[in-house]
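Dear colleague,

Here is the structure that I promised to hand over to you. Please open it beside this email, and then read on for what was found in it.

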Amino acid sequence: MKHPFSRILIAAMLITCMLLSGCSLFKHTEEIETAATGFLDCLVAGEAADITAYATETVFDENAFTTFNADYLEEDFYASMDLDRSRITEEAQKAVRDYCELIVHSLLKSYTLTGTEEVKGVGTVTAEIVLGFDPDNIEPAEGSDAYAQMSKAIEDYQDKNLNELIDIYNNQGEEAYYNRFYSDLIPIVLDIYQQQIESSEEVRQTMTLTVERQEDEEKTWKVTSFTTAPVTEEPAAEGTTEATEGSAEASTEATTAAGN
């Protein structure tokens, strides 16, 4: 018959072994998933500013996150064209802003958590996400209906305004010419890009989020990084969290392409 004291020693050794191997008797699944779902809910809602409650500053520095940030996309649009926004009309500026907002609110439509684990105090959450459009295929492909529509719109604009544009160039200079050209064409081109987004088919991807406990007074758990990849398995049947208001987005390539 084993002495009760021996059972206590065995239990103590098992606990020590678990701790040394990176395991823990006290998992933090609830805290980890709260951070992950809070982060994803903000992306679905297109509210990047609210993500600070669920993610660290390191997330905002990652290139992947910039596609969910309308402010970044707007700045990138003007930078890609080497264009000072003050040079174009308020109507054109609004078209750029509306386009970037549409990207952010259309990208992430819903998600399903598919797994959560914690190893050595670091949580990993996987989720299947549904995108409202494919960020890599927003630019109208040559030969497509959208490409033909955009080409015709630009051609029609040139035919209608060529004499006036030449007059502006000759009498007001090159800068005034481009200011007028961009102010008129940006809304036309971005409208076609918006139609591309609104008519796109949904795309499924897998997102992996790293969640870590912070060294603050509350010992909160926050998302510190995330990656996305194509889905390789069948979608989960249950547990999908649908968007409640709007959707989140973005494609730097889309905004850059729109300006070219």
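**What was found**

S80 has a relative accessibility of 28%, and it therefore counts as partly exposed, since that class lies between the 20% below which a residue is buried and the 50% above which it is exposed. Before going further, please keep in mind that this is a predicted model, and that the values below are computed from it. S80 belongs to helix α5, and its side chain reaches the backbone oxygen of F77 at a distance of 2.7 Å.

**The chain as a whole**

The chain holds nine helices and five strands, and if you follow the sequence from its start you will meet them in the pattern α-α-α-α-α-α-β-β-α-α-β-β-β-α. Of the 260 residues in the chain, 37% are buried.

**Helix α5 and its two ends**

Helix α5 covers residues 70-81, and there is a simple check that you can follow yourself: at 1.5 Å a residue its 12 residues should span 16 Å, and the C-alpha atoms at its ends are 17 Å apart, which agrees. The N-terminal end of α5 is capped by N69, which has a side-chain oxygen 2.9 Å from the backbone nitrogen of D71.

Which residues of α5 are buried? They are A70, L73, E74, D76, F77, Y78 and M81. When you look at how such residues are spaced, it helps to recall that an α-helix has 3.6 residues a turn, so residues three or four places apart point the same way.

Just after α5 comes D82, with a positive phi of about 55°, and D82 is a residue other than glycine. D82 sits in the loop between α5 and α6, and because its relative accessibility is 66%, which is over the 50% cut-off, it counts as exposed.

A second residue can be described in a similar way. K120, again a residue other than glycine, has a positive phi near 55°, and its place is in the loop between β1 (108-119) and β2 (122-131). With a relative accessible area of 64%, K120 is exposed.

**Aromatic rings**

How many aromatic pairs does a search of the whole structure find? The search finds 10 of them. One of these is formed by F77 and Y78, whose rings are edge-to-face, with 5.6 Å from centre to centre and 90° between the planes. Both partners fall under the 20% cut-off and so count as buried, F77 with a relative accessible area of 1% and Y78 with a relative accessibility of 4%.

Y99 and Y193 form another edge-to-face pair, with 6.2 Å from centre to centre and 80° between the planes. Y99 lies in helix α6 (residues 90-106) and Y193 in helix α8 (residues 174-198), so this pair ties together parts that are 94 residues apart in sequence. Y99 and Y193 are both buried. Elsewhere, Y157, Y169, Y177, Y178, F181 and Y182 form one aromatic cluster.

**How α6, α7 and α8 are arranged**

Helix α6 has 17 residues, and the distance from its first C-alpha to its last is 24 Å, close to the 24 Å that is expected at 1.5 Å a residue. Its buried residues are A92, A95, V96, Y99, C100, L102, I103, V104 and S106, so you will meet Y99 again in this list.

Are α6 and α8 roughly parallel or roughly antiparallel to each other? Their axes come within 8 Å and cross at roughly 15°, and because angles under 35 degrees count as roughly parallel, that is how α6 and α8 are described. The crossing in which α6 passes α8 is left-handed.

Helix α7 (residues 145-172) packs with α8 at an angle of about 165°, and the axes of these two helices are 9 Å apart. Since an angle over 145 degrees counts as roughly antiparallel, α7 and α8 are roughly antiparallel to each other, and their crossing is right-handed.

If you would like a place to begin, please find Y99 and Y193 on your screen, and then trace from that pair along α6 and α8, the helices in which these two residues lie.

With best wishes

Terms used: Residues are numbered from 1 along each chain as its sequence is written. This is a predicted model: local features need pLDDT of at least 70, side-chain atom pairs count only at pLDDT 80 or more; totals for chains, interfaces and linings use all residues. Side-chain values use heavy atoms; hydrogens and water are left out. Helices (H or I, at least four residues) and strands (E, at least two) are DSSP runs, numbered from the N terminus. The expected span of a helix is 1.5 Å times one less than its number of residues. Buried means under 20% relative accessible area, exposed over 50%, partly exposed in between (1.4 Å probe, protein chains only). A polar contact is a pair of N or O atoms within 3.5 Å; within protein, one must be able to donate a hydrogen and the other to accept it, and residues adjacent in sequence count only if both atoms are side-chain atoms. Rings of Phe, Tyr and Trp (its six-membered ring) pair if their centres lie within 6.5 Å; planes under 30 degrees apart count as stacked, over 60 as edge-to-face and the rest as tilted. Axes are lines fitted to C-alpha atoms, for helices over the stretch in contact, and angles run from 0 to 180 degrees between N-to-C directions. Angles under 35 degrees count as roughly parallel, over 145 as roughly antiparallel, 65 to 115 as roughly perpendicular and the rest as oblique. A crossing is left-handed if the near helix is turned anticlockwise from the far one by less than a right angle, and right-handed if clockwise.
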